[in-house]
Amino acid sequence: MRTESSPSEVVLVLDFGSQYTQLISRRVRELGVYSEIVPFHLPLERIRERRPRALILSGGPRSVYEEGAPRCDPALWDLGIPVLGICYGVQLMAHVLGGRVVPSERREYGAARLEVVGESPLFAGLPREMTVWMSHGDEVQQPPEGFQVLARTERALGAIAHPERRLYGVQFHPEVAHTPHGREILRRFLFDIAGCRGQWRLSAFIESAIERMRKEVGSGRALCALSGGVDSSVAAALAARALGPRLICLFVDNGLLRRGEFEEVLRLYESMGLRVHGVRAGERFLRRLRGVTDPEEKRKIIGAEFIAVFREEAARFGPVEFLVQGTTYPDVIESTSVKGPSAVIKSHHNVGGLPEQLGFRLLEPLRELFKDEVREVGRHLGVPREILERHPFPGPGLAVRVLGEVTPERVELVRAADAIVLEEIRRAGLYEQVWQAFAVLLPVRSVGVMGDERTYEQTIAIRVVSSVDGMTADWVRLPHEVLERMANRIISEVRGVNRVVYDISSKPPSTIEWE
Ligand code: XMP
């Protein structure tokens, strides 16, 4: 992380592998306090150097009493820096400082009633009873000596603290939206307990990012591969401000885009004043995918082909030293595996690979920002709303929504069904309220009847999810009429489909995409 842009007031989130770690950091930033995620084993010296106002210990999948369970430096508790332990974080605090942590009788997962029992700035002015979100298999049975119990649930201790040592811990997850007062609890910890001032703002970030890019590139030139998505578009907008015509943008049609997307995105870029070279390369991607059914193999082939196309196109512009990428903070965390114990589930190919193979120097102006912050930067820079509010779309495109072999016919089929899903979502006024809405072509046939004829045709699954960051997601309870219109239209307008199903799985345990 480049330190010159990091503000003076920072809160470090020690990551013990929770799926919610990023969410904690985002929530802190939403409160105007700059925050970064660091691995749980970061040496004490490195923590001290950053002069954090506070430390937050994330949750994690392990049990504190297990051998090899992740632990932070034992001197951390005595730094005098305010600490908030969340879930695994409070269990670790309790376990290491002499309390007792035991397996819960039953794993507690979901909403619970929390009752505030003590007086503490952490809950000051909040209702004495509130709903909180729990997800734990262990619990603190007895707090360490000198600790107070601040809150309880029916089955466990909800919050403990040692105010003189400035140590606080909660068993529930204040960072998730399912804990309605979570933001207020974090606010109290940051401002009233840790004394943060909350002056971190994005406008200052934009100025310094432009300045940094100008300095770094000097009189050189930079290339940027656009995807039509928020991240690459905002990165390009920022780079264009810094470099003007010395920025060259490419947008590749890999034959796996949604209907009309290539033309529409190029038009939007033009309206932003970005100079973008559109490259039609669909045929060669589809040729490479012939006969391939394995999801990871599809992703690798598409990634490699993208690099080949990019290399050829880039060569036409003569020597270019820099590459602008829309890497965001979540990508940085995932690809440097600060995430510690939590596993990489799918190989997302948009980070890494490209610059190493092409010998570029990398510019990643968004690498400190979360998605919603990227959107806000985009708004400041006048990036059109159609791009900022665009649903995320996987790099490998429709290939991971055609289960089984990716043929031009099957891509066209899922593209037609997808267009109907999106049209109906828009018509119902729901496009900006959902995270993603799309169609998936399943590799199964089933029997149907159309008119007097028996049919034996394919199945489309509709997936519509809500999410805040793509890390967790829930299926959207769409009105039945909307589902009905989608299903009727897909069956009557898309040849080869005689059945439509709606995906009602959440993430976890499922993922958003099917491959
Ligand atoms: P999953 O399926 O892992 O997806 O729950 C989480 C989010 O990431 C998007 N996604 C990708 N984005 N390259 C990308 O740029 C990829 O290979 C990729 N795979 C999944 C997905 O659409 C969802 O928003």
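User: What does it take for a residue to be called buried?

Analyst: A residue counts as buried when its relative accessible area is under 20%. In this predicted model, Cys87 has 5% relative accessibility, so Cys87 counts as buried. Cys224, at 1% relative accessibility, counts as buried because of that cut-off.

User: How many disulfides does a search of the whole structure find?

Analyst: A disulfide is a pair of cysteine sulfur atoms within 2.5 Å, and a search of the whole structure finds zero of them. For Cys87, the closest cysteine sulfur belongs to Cys72 and lies 15 Å away, which is too far for a bond. For Cys224, the closest cysteine sulfur is in Cys249, at 4.8 Å, and that too is too far for a bond.

User: What span should helix α15 have, and how far apart are its end C-alpha atoms?

Analyst: With 1.5 Å for a residue, the 14 residues of α15, from 480 to 493, should span 20 Å, and the end C-alpha atoms are 19 Å apart, which agrees. The 20 residues of α14 should span 28 Å by that rule, and the end C-alpha atoms of α14 are 28 Å apart, which agrees.

User: Which residues of α15 are buried, and what do they pack against?

Analyst: An α-helix has 3.6 residues a turn, so residues three or four places apart point the same way. In α15 the buried residues are Val482, Leu483, Met486, Ala487, Arg489 and Ile490, and they pack against α14, β16 and β18. As for α14, 14 of its 20 residues are buried, so α14 is largely enclosed by the rest of the structure; after α14 comes Gly429, with a positive phi near 70°.

Conventions:
Residues numbered from 1 in each chain as written. Predicted model: local features only at pLDDT ≥ 70, side-chain atom pairs only at ≥ 80, totals over all residues. Heavy atoms only, no water. Helix = DSSP H or I, 4+ residues; strand = E, 2+ residues; numbered from the N terminus. Expected span 1.5 Å × (residues − 1). Buried < 20%, exposed > 50% of the residue type's maximum accessible area, 1.4 Å probe, protein only. Contact = heavy atoms within 4.5 Å.
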